[in-house]
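Me: I'm new to reading protein models. Could you walk me through one, a feature at a time?

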Amino acid sequence: MASGNRGKVAEIAAALAGLPVKVLALGDFGPVAEPEETGGTFEANARIKAAYYADWTGKPCLADDSGLEVDALQGAPGVYSARYAGPGATDSLNNQKLLAQMAKVPDDKRTARFRCVLVYSDPRGSELTAEGTCEGILLHTPRGAGGFGYDPLFYLPALGKTLAEMPLTEKNKASHRGQALRNMADKLARYIHEDRRD
Ligand code: IMP
């Protein structure tokens, strides 16, 4: 898994638990420079990371890229979600900037979605792609202490709470990343099955 984040790696290992694979983290391979995420889409950036680390480790690699798309901001912050507030951006500064940009946007125009794209790449050159989205509404003030990133501003009308007001197990059921992971687990299961038949 192309991530140094142990929490993310554990989440992915859990999603792939039914498959005959062993999930390794980047830390298991020693230090390596990160590739530049120069893609204009989540898919392009996930593909850059998956191909780069598959090449470096010589092993099949799964990479993800995700972010927030706000309709009233024509899809921003999008691939710039992590660095929305500029150099030295933090979750708090990103949320402050988002609230400022959305200050004049009325309630019925505050729709947004999280999107996550996972790309699997292996040294034989095979590639699989899976996506997940999570639709919601941006609040005017943060709610909840869980999660990370834009979670405290992201309200799910069907559940009556923000992503930051849910335990992780509940967030994983509703989230873009959980959905993308379930889609990828299905695709990988089929891929492994077909590979074994060849
Ligand atoms: P990454 O793909 O994990 O690097 O995430 C990119 C950025 O998108 C994060 O830094 C967050 O700002 C935002 N983001 C992605 N997924 C989530 C989420 O589940 N909750 C809140 N923010 C998220």
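Reply: Sure, and keep in mind that this is a predicted model. Let's begin with a cut-off: a residue is called buried when its relative accessible area is under 20%, exposed when it is over 50%, and partly exposed in between.

Me: Let's try that on a residue. Is aspartate 64 buried or exposed?

Reply: Aspartate 64 has a relative accessibility of 3%, so it counts as buried.

Me: Which residue does aspartate 64 form a salt bridge with?

Reply: A salt bridge here needs a side-chain nitrogen of Lys or Arg within 4 Å of a carboxyl oxygen of Asp or Glu. For aspartate 64 the partner is lysine 8, and their closest N and O atoms are 3.3 Å apart. Lysine 8 sits in helix H1 (residues 6-15) while aspartate 64 belongs to strand S1 (residues 61-70), so this pair ties together parts that are 56 residues apart in sequence.

Me: And how many salt bridges does the structure hold?

Reply: There are 15 salt bridges. Another one pairs glutamate 43 with arginine 47, with 2.7 Å between the closest N and O atoms.

Me: Where do glutamate 43 and arginine 47 lie?

Reply: Both are in helix H2 (residues 42-57), and they are four residues apart, which is about one turn of the helix. Now use the cut-offs again: glutamate 43 has 29% relative accessibility, so it is partly exposed. Arginine 47, at 30%, is partly exposed as well.

Me: Can you show me one that involves loops?

Reply: Take arginine 143 and glutamate 165, whose closest N and O atoms are 3.3 Å apart in their salt bridge. Arginine 143 is in the loop between strand S3 (127-138) and strand S4 (154-156), and glutamate 165 is in the loop between strand S5 (161-162) and H4, so the pair ties together parts that are 22 residues apart in sequence. Arginine 143 is partly exposed at 34% relative accessibility, and glutamate 165 is partly exposed at 32%.

Me: Which residues do salt bridges with shared partners join into one network?

Reply: Glu69, Asp71, Arg113, Arg115, Glu131 and Glu135. When you look at the picture, follow the shared partners from one residue to the next.

Me: What about a charged residue such as lysine 171: is it buried or exposed?

Reply: Lysine 171 has a relative accessibility of 5%, so it counts as buried. You'll find it in helix H4 (residues 168-174). Leaving out residues up to four places away in sequence, lysine 171 touches Phe148, Asp151, Leu163 and Met166.

Me: Let's zoom out. What pattern does the chain follow along the sequence?

Reply: Start by listing helices and strands in order: here that reads α-α-β-α-β-β-β-β-α-α. The radius of gyration is 17 Å, close to the 16 Å that the globule rule gives for 198 residues, so the chain is as compact as a globular protein of that length. Its C-alpha trace spans about 55 × 35 × 25 Å along the principal axes.

Me: What share of the residues is buried?

Reply: Of the 198 residues in the chain, 41% are buried. For the surface, the chain exposes about 10,400 Å², with carbon and sulfur atoms supplying 53% of that.

Me: How do I read contacts and charges for the whole chain?

Reply: For contacts, look at separation in sequence: among those between residues at least 6 apart, 55% join residues at least 24 apart. For charges, compare mean positions: those of the 24 positive and 25 negative charges are 3 Å apart.

Conventions:
Residues numbered from 1 in each chain as written. Predicted model: local features only at pLDDT ≥ 70, side-chain atom pairs only at ≥ 80, totals over all residues. Heavy atoms only, no water. Helix = DSSP H or I, 4+ residues; strand = E, 2+ residues; numbered from the N terminus. Rg over C-alpha atoms; globule rule 2.2 N^0.38 Å. Buried < 20%, exposed > 50% of the residue type's maximum accessible area, 1.4 Å probe, protein only. Contact = heavy atoms within 4.5 Å. Areas by Shrake-Rupley, 256 points an atom, 1.4 Å probe, with all protein chains shown as cover. Lys, Arg positive; Asp, Glu negative; His and termini not counted. Charge placed at Lys NZ, Arg CZ, Asp CG, Glu CD.
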